[in-house]
Amino acid sequence: MSTATRLEAALGETDERRLLLLATFIPFTLFFIVVWGIPIAYALGMSLFENPTGNSTFVGLANYVDVVTGDGFGTALWNSVVYAISSTVLSLVVGLGLALVVNREIQGGDALRTLMIFPYLLPTLVVIFMWRFILDPNVGILNQYLVNWGVLESPVAFFSELTWAMPAVVVASVWKFGSFSFFILLARLQAIDPNLYERARVEGASTWQAFRDITVPHLRGAILIILLVRGIWMFNKFDIIFLSTRGGPLDATTTLPIRVYELAFNDVNFGGATALAGIMFFLLAAVAVVYFKVFEPEKEVAN
Amino acid sequence: MAWLGEGAAGSIVSQRTQERVRRVAVILTALVVAVFVTIPVYVMVAIAIQAPAATFAGGEVNLLPTAPTFENFMVLFTETATPRYFFNSVVVTATSTFLSTALAVAAGYGLTRFDFRGKTLAARAVLFAYMFSPIVLAIPLYVIFFSLGLLNSYFALSLALTGISAPFTIWLMWQYFQTVPMALEESAWVRGASRTRTLWEVVLPVARPGYISAAIFSFAVAWNDYTMARVVMSQDEMYTMTVGASLFLDRVSIGWSETMAASLLVSIPPFLIALFLQNYLLQGFNVGGLE
Amino acid sequence: MARNHTRRRFVKTTGAASAFALAGCLGGGSGNSGTIQYLSDRGDSKDVIDDIIAEFEDEHEYTVEVTYTSKGTSTDEQLQKMKAAGNPPDIVFDTSSDAYRYQRDGDAAPVSEAVQGTGLPDPVNVDGESYFAPTMVEPLMGWYRNDIYEENPTTWEGWVSEAERVSSNNDIQGYVVQSGQTNNADTATTQYLWQNDVNIYGGPSDSIEVTIDNDENRAAAVETYEWIQQMAEYAPNGSGWEWGDGIAALQQENAAALMSVGGLPILIIEGNRPDLVDKLSPTAFPVPDGKGQDKWWAYMEGHVVWNSGEQTEGARQFVEFFSKSDRFMDFVLSAPLFQFPPTKEGLDSDAVKNNETIQKHQDVMDLVRDNWDAFTTVLATGDEGAPNIVAADAYGQQMFGQSAEQLLVGDKSPSETVDWVADELRALQE
């Protein structure tokens with residue numbers, strides 16, 4: 001059936017229904033195309049050229065090959081994976097732990113909830129200002145107190161030390177994004193029927209067993225979605241790392257997005273930069289597809 | 001066997017002790033997190049309200065303001081375009097939050113109530129948008145906006161920001177609407193209400209927690225944005241706070257104290273939102289589809 | 001039929017609405033004719049710039065639109081974006097090295113009338129045409145605590161022993177050694193090499209040769225890195241430090257001496273630690289015993305006109321106007337002690353003499369005046385000061401700052417570091 005005939009048939013039905021459908025989808029599709037579709041297509045197009053912003057020459061997949069075999073790709077990929085996994089998992093753990101805590105209705109639960117959402121709403125720039133100021137080797141209070149209390153001999157430049165740079169960046173990221181999982185999980189927790197826990201206690205289950213058999217299945221979907229969505233976002237995160245360490249020291253925190261930036265603006269190699277972005281895209285897409293197939297996070301929980 | 005007590009764990013440690021340990025652990029965790037979250041905020045406030053000379057006196061950073069002052073804010077207001085930047089941020093964020101939420105409700109509803117082939121795929125596809133690194137998208141976007149003559153307009157920036165938050169908010173509302181039973185709407189139809197009216201008067205109020213969280217998400221995206229603002233705006237009067245603040249970093253007359261003051265200003269709307277809306281959040285994120 | 005009516009009406013309205021919307025979008029205007037696009041990172045001088053623009057707009061038929069960026073790569077970013085969209089700026093405020101890079105890429109338009117015959121230096125002169133109109137000079141400068149160091153150690157050997165003494169006796173390190181991909185690290189490291197008479201490059205502009213690893217140069221270069229390594233023992237970990245970090249170390253009394261740029265440290269410390277200002281004295285970079293201060297790094301910043309913008313002629317006029325404007329000195333002195341006039345005569349002008357901040361720091365002016373002839377930009381390092389594109393590119397990527405990082409963080413030996421940097425420099429030439 002051609003699109004036209006199909007449209008005709010569809011339009012034959014309830015007018016109002018279709019009007020609503022169009023009204024809801026036209027703006028959406030338009031947005032999507034202008035803000036995402038065209039730029040992505042454009043960028044992917046650029047990746048097939050050498051010097052796409054100047055005198056461009058078509059080179060096919062050469063940029064992709066160059067990028068993957070070039071130096072820095074392996075390190076950047078590794079750093080990206082480490083960063084994405086550690087910040088996602090840590091913020092999930094923090095969020096889950098806190099959700100479990102707040103779920104038990106302690107005093108100050110409300111205040112805690114307000115507290116938790118605040119970092120998420122702050123611009124990353126401000127978050128970085130705060131953390132850079134705290135961890136600075138010269139004006140940082142963390143170093144100041146550690147040195148004064150004798151824990152350290154001399155200040156540690158957290159964002160500049162090979163061993164500390166990545167952890168420091170992860171801490172700042174968890175600080176900002178921990179609340180995302182907190183709220184999602186807390187909502188799910190509060191939807192669990194408390195009778196289930198009563199019954200479990202009566203039947204003699206320990207806290208751990210109750211957690212394992214009641215709580216976890218209910219949270220499964222939420223946890224899986226959080227892992228995927230946050231994983232993707234942290235993998236692509238640029239500003240937090242760039243603003244705090246610029247990828248240093250010595251590439252210790254250079255993740256793939258940082259590498260994209262370097263290619264685009266330091267080396268002025270837009271073909272390479274867009275190729276790398278394309279590679280990241282396909283990587284993430286592949287992971288997502290597999291993830292959806294294997295885990296089916298939107299499935300209903302069987303009680 | 002009787003001596004195993006009331007539960008496997010109960011044999012080693014009585015349930016009451018378990019309870020107490022749990023309670024202590026809970027309170028400790030809450031405290032640790034509260035401190036962890038509050039300290040950076042406290043530092044920001046402490047530095048913002050002290051004169052630079054007081055903050056750095058004696059070579060140490062002083063966190064106990066003995067003589068609070070508005071000096072840093074004054075510097076910001078007189079020597080930078082901070083008020084203007086703030087205003088721009090507010091305009092653009094408010095517009096994009098509204099647009100994104102409206103879009104999310106409309107499209108989310110549409111996704112739930114209308115069936116078409118590949119619906120799940122389409123809904124998941126929106127998440128794929130986030131997989132392309134925004135850094136390289138800045139240039140195509142600049143070219144597009146430039147060709148459409150949209151540079152340096154609130155409209156363009158609001159659109160761009162909506163475009164960024166929309167995929168997730170739409171997906172969020174889609175999940176949420178799935179928990180709103182058709183029965184609700186059907187009973188309204190039975191009583192003769194039009195579909196539109198039902199949507200407006202029956203479904204929306206029930207969906208409020210959902211769209212509040214969509215609003216919060218789009219607010220966070222818009223308020224936080226730096227990349228889009230840099231792409232769309234090139235005139236100083238049109239810069240948002242985040243872009244303006246990044247310019248501070250290089251200026252000789254703007255140091256840590258003024259930076260913290262600017263940060264404090266930028267934190268006020270988020271704080272207000274956190275204060276007033278945190279209630280709704282809970283129900284909102286109870287995304288039924290995740291069940 | 002009622003249904004068809006509604007459908008038709010709906011389509012009509014949607015069509016009309018979208019047409020309107022699109023029209024509204026397009027109506028936004030694709031740039032006035034007669035608007036000069038000016039890209040600058042001098043947010044500090046916004047008021048003066050606006051005044052000069054106002055004067056210019058009164059006398060000429062153009063309007064000038066300024067886009068401010070933050071220093072460093074941000075200007076490049078903005079340039080790339082605008083270039084890609086086919087909307088390049090007309091004027092860019094940049095360093096002489098960047099101007100030369102633009103000229104080499106074919107993007108620069110000549111501004112000879114604004115430069116030749118005016119007494120201004122002419123660092124980007126290609127085939128008789130000038131492509132860069134300088135507005136200010138920013139020489140590097142060191143600062144040390146005169147209450148901790150008994151006197152200026154001056155020589156490399158002196159600095160080593162003094163820094164060691166200071167670090168072991170006090171709660172404070174004696175020096176700061178910057179490393180990493182930052183301008184601060186790059187300029188300091190390059191200057192150290194210059195101090196030891198290392199000829200990093202040789203040859204005329206069109207065939208620059210990397211000579212840092214030839215014979216005597218290599219030995220001198222290795223010596224330099226050895227000295228840097230030694231000084232790093234009496235310095236905090238300066239990896240990734242930009243100008244502000246070094247200054248913060250001085251301010252927070254973590255270090256007693258710092259090599260920075262001009263009087264920038266004083267300008268900043270004045271606000272936060274006014275009590276420290278009198279305890280700081282300016283100095284030239286340390287120099288090996290027996291050698292002289294004959295090559296002193298000085299940034300030169302000014303205007304470059306892009307030839308692919310829409311208002312090249314207007315841009316040229318503006319650049320010339322700017323340099324001759326009454327407010328020119330105000331522009332230069334909007335960051336006194338850090339930005340200096342581009343000519344020696346400018347140093348003696350009334351504007352400089354009457355500037356309060358400068359009056360308080362005559363020692364800085366003396367240092368600048370005495371060493372004026374040694375000021376060199378990183379660009380003018382080809383034979384006899386010819387423009388050196390390799391040096392410009394190397395600076396663009398902070399190659400020497402990275403070499404210091406290889407030495408101090410990457411644990412390379414001084415000898416390996418020299419080889420590393422020579423390889424990297426040659427790779428730039430490909």
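Ile164(B) is a buried residue, since 24 other C-beta atoms lie within 10 Å, and a residue is classed as buried when 20 or more do so. The model in which Ile164(B) sits is a predicted one, and the description below begins at this residue before turning to the chains around it.

**Around Ile164 of chain B**

Helix α7 of chain B is the element in which Ile164(B) is found. When neighbours within four places in sequence are left aside, Ile164(B) is in contact with Val221(B) and Met228(B). Tyr130(B) lies 34 residues away from Ile164(B) along the chain, and the C-alpha atoms of these two residues are separated by 8.3 Å.

**Where the chains meet**

Chain B touches chain A through 75 of its residues, which are in contact with 83 residues of chain A. Several helices of chain B each supply at least two residues to this side, among them α1 (15–48), α4 (82–113), α7 (154–177) and α9 (195–224). The largest share of the side of chain B that touches chain A comes from α12(B), which gives 14 residues.

Chain A also meets chain C, in a contact that takes 21 residues from chain A and 25 residues from chain C. On the side of chain A that touches chain C, α2 (15–46) and α12 (256–266) of chain A each supply at least two residues.

As for chain A itself, there are 13 helices and two strands in it, and buried residues make up 49% of its 303 residues. Among the contacts in chain A with a separation of 6 or more, 70% are accounted for by residues 24 or more positions apart.

**The domains of chain C**

The domain assignment of chain C gives domain 1, covering 35–137 + 299–361, and domain 2, covering 138–296 + 370–428. Taken over C-alpha atoms, the centres of domain 1 of chain C and domain 2 of chain C are separated by 27 Å. Across the boundary, 19 residues of domain 1 of chain C are in contact with 18 residues of domain 2 of chain C. On the domain 1 side, α4 (96–104), β7 (133–145) and β14 of chain C each supply at least two residues, and α4(C) gives the most, with five residues.

The table sets out the classes of residue on three of these contacting sides.

| Side | Nonpolar | Polar | Charged |
|---|---|---|---|
| Chain B, touching chain A | 49 residues | 20 residues | six residues |
| Chain A, touching chain C | 11 residues | seven residues | three residues |
| Domain 1 of chain C, touching domain 2 of chain C | 11 residues | four residues | four residues |

**A covered strand in chain C**

Strand β3 of chain C, residues 91–95, is mostly covered, with five of its five residues buried. It is joined to strand β1 (residues 35–40) of chain C by two bridges, and these two strands run parallel. Within that pairing, Tyr38(C) has Ile91(C) in β3(C) as its bridge partner. Strand β14 (residues 296–306) of chain C is joined to β3(C) by five bridges, and here the strands run antiparallel. Phe93(C) stands opposite His303(C), a residue of β14(C). In a regular strand, side chains alternate between the two faces of the sheet. Strand β14 of chain C thus appears in two settings, being paired with β3(C) and supplying at least two residues to the side of domain 1 of chain C that touches domain 2 of chain C.

Note on methods. Residues numbered from 1 in each chain as written. Chains lettered and ligands numbered in written order. Predicted model: local features only at pLDDT ≥ 70, side-chain atom pairs only at ≥ 80, totals over all residues. Contact = placed C-beta atoms within 7 Å. Helix = DSSP H or I, 4+ residues; strand = E, 2+ residues; numbered from the N terminus. Nonpolar A, V, L, I, M, F, W, Y, C, P; charged D, E, K, R; others polar. Buried ≥ 20, exposed ≤ 12 C-beta atoms within 10 Å, placed from the backbone. Pairing = 2+ DSSP bridges. Domains from an automatic or database assignment.
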